[in-house]
Amino acid sequence: MTKAQVLYKAGPPDSFKWEDREVGQPAAGQVRLKHTAIGLNFAETQVRKGLRPYPLPGVIGGEGAGVITAVGQGVSGFRVGDRVAYFGPQGSYAEERLIPADALYLLPKGVSDEVAATSMLKGATAHYLVHRTFPVKKGHVVLYHAAAGGVGLIACQWAKHYGATVIGTVSSEDKVAVAKSHGCDHVINYKDGKFADQVKALTGGRGANVVFDAVGVTTWDESIKSTAVFGMIVLFGNPSGDVTPEQYARIPLDRYFIHPTLPAYMAKREDRDKAIHDLLSAIDKGILKVEVRQRYPLKDAARAHTDLEARRTIGASVLVP
Ligand SMILES: NC(=O)c1ccc[n+]([C@@H]2O[C@H](COP(=O)([O-])OP(=O)(O)OC[C@H]3O[C@@H](n4cnc5c(N)ncnc54)[C@H](OP(=O)(O)O)[C@@H]3O)[C@@H](O)[C@H]2O)c1
């Protein structure tokens with residue numbers, strides 16, 4: 001018997017129930033995985049609240065690392081005792097789980113379980129944003145909102161590595177310092193909702209070649225004002241709420257717009273493998289620094305969600321089973 005955070009009904013953070021659960025034996029193609037670390041993601045707060053469809057009762061969470069404890073029929077390339085990590089298959093808020101083997105990646109010695117557990121989903125997201133949605137190159141100006149967040153710290157470092165000038169936005173002075181030490185050349189505190197004039201001032205009036213906006217309704221109007229002619233607005237999250245149809249209608253002429261999602265970019269096995277290969281190798285080479293800044297026992301998942309929603313976290317947070 002192992003424990004898991006079970007959600008019966010969408011609601012506030014204390015909706016999680018910390019319960020015993022029978023995990024059972026892996027079916028063909030599956031392994032049983034004992035988590036050592038579980039990544040926390042903003043989207044999970046939205047699933048918990050019922051803002052994203054999810055079958056309930058159920059166990060949420062899509063990122064983790066651990067040790068294989070049993071292997072099902074037909075699984076090759078993995079053995080009991082292997083240290084692995086994954087993103088995608090839901091059900092990570094559990095001490096132990098069953099999971100398809102083809103979602104797993106063996107961890108190199110230099111990457112800890114905690115770093116892997118918090119950077120697989122966030123790193124795959126940052127990977128597609130800066131390599132595929134808008135391939136960032138030397139000379140580009142990148143504007144990145146919530147730059148001191150989990151995805152933000154990885155994406156800003158990658159964009160800087162490719163030679164861009166990176167302008168980050170954050171909501172507190174603590175976050176300014178962290179964003180500056182993780183790839184941002186300039187950091188704007190956007191707590192008052194304003195940043196477009198500062199972006200224009202930093203870019204000789206031209207604006208940014210790409211605006212990565214995973215904040216939503218509160219940043220949108222200033223984001224579109226901050227985008228250069230022929231630049232791209234990338235809207236990939238909405239913690240502050242949904243952009244309205246009226247706001248979409250205000251996209252200026254001669255700008256590109258995309259609303260990308262991780263499942264579409266990672267639908268092909270080869271794309272997932274490339275993203276994780278590039279991520280682990282960038283961590284190994286020191287191109288990306290990934291530090292876990294908040295740790296919560298898995299049984300306190302409610303407190304982790306409360307902090308994340310209150311914008312109290314910086315960078316990656318881990319749930320410890
Ligand atoms: N489309 C995709 O493929 C995809 C995949 C993964 C993640 N995402 C999105 O990427 C974003 C970052 O994810 P993450 O897990 O790394 O989270 P995170 O950035 O660590 O946390 C969210 C951040 O959003 C900012 N924020 C602005 N307004 C907010 C509000 N009203 N309430 C709460 N936070 C607010 C906060 O930073 P400040 O305090 O600095 O403002 C907060 O720290 C999320 O929007 C997520 O949904 C999208």
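**View 1. How much of the chain is tucked inside.** Of the 321 residues in this predicted model, 46% count as buried. Here, buried means that a residue has 20 or more other C-beta atoms within 10 Å of its own.

**View 2. Helices, strands and overall size.** Follow the chain along and you'll pass ten helices and 15 strands. The radius of gyration is 20 Å, close to the 20 Å that the globule rule gives for 321 residues, so the chain is as compact as a globular protein of that length. Want a feel for the dimensions? Along the principal axes, the C-alpha atoms fill a box of roughly 60 × 40 × 35 Å.

**View 3. Contacts between distant parts of the sequence.** Take the contacts with a separation of 6 or more: 65% of them come from residues 24 or more positions apart.

**View 4. The ligand and its two domains.** Why does the ligand shell lie between the domains? Domain 1 (2–120 + 268–320) and domain 2 (138–259) both give residues to that shell, so it sits between the two.

**View 5. Zooming in on the neighbours of the ligand.** There are 27 residues around the ligand, and the ones that come nearest are Gly 149, Gly 150, Ser 171, Gly 237 and Leu 262. Sort the shell by class and you get 13 nonpolar, ten polar and four charged residues.

**View 6. Helices that help build the shell.** Which helix gives the most to the shell around the ligand? That's H3, with three residues. Helix H1 (42–49), helix H2 (113–133), helix H3 (150–161) and helix H10 (301–309) each chip in at least two residues.

Technical notes:
Residues are numbered from 1 along each chain as its sequence is written. This is a predicted model: local features need pLDDT of at least 70, side-chain atom pairs count only at pLDDT 80 or more; totals for chains, interfaces and linings use all residues. A residue is near a molecule or strand if its C-beta atom, placed from the backbone, lies within 6 Å of it. Helices (H or I, at least four residues) and strands (E, at least two) are DSSP runs, numbered from the N terminus. Ala, Val, Leu, Ile, Met, Phe, Trp, Tyr, Cys and Pro count as nonpolar, Asp, Glu, Lys and Arg as charged, and the others, Gly among them, as polar. Domain bounds come from an automatic or database domain assignment. The radius of gyration is taken over C-alpha atoms; the globule rule is 2.2 Å times the number of residues to the power 0.38. A residue is buried if 20 or more other C-beta atoms lie within 10 Å of its own, exposed if 12 or fewer, and partly exposed in between; C-beta atoms are placed from the backbone. Two residues are in contact if their C-beta atoms, placed from the backbone, lie within 7 Å.
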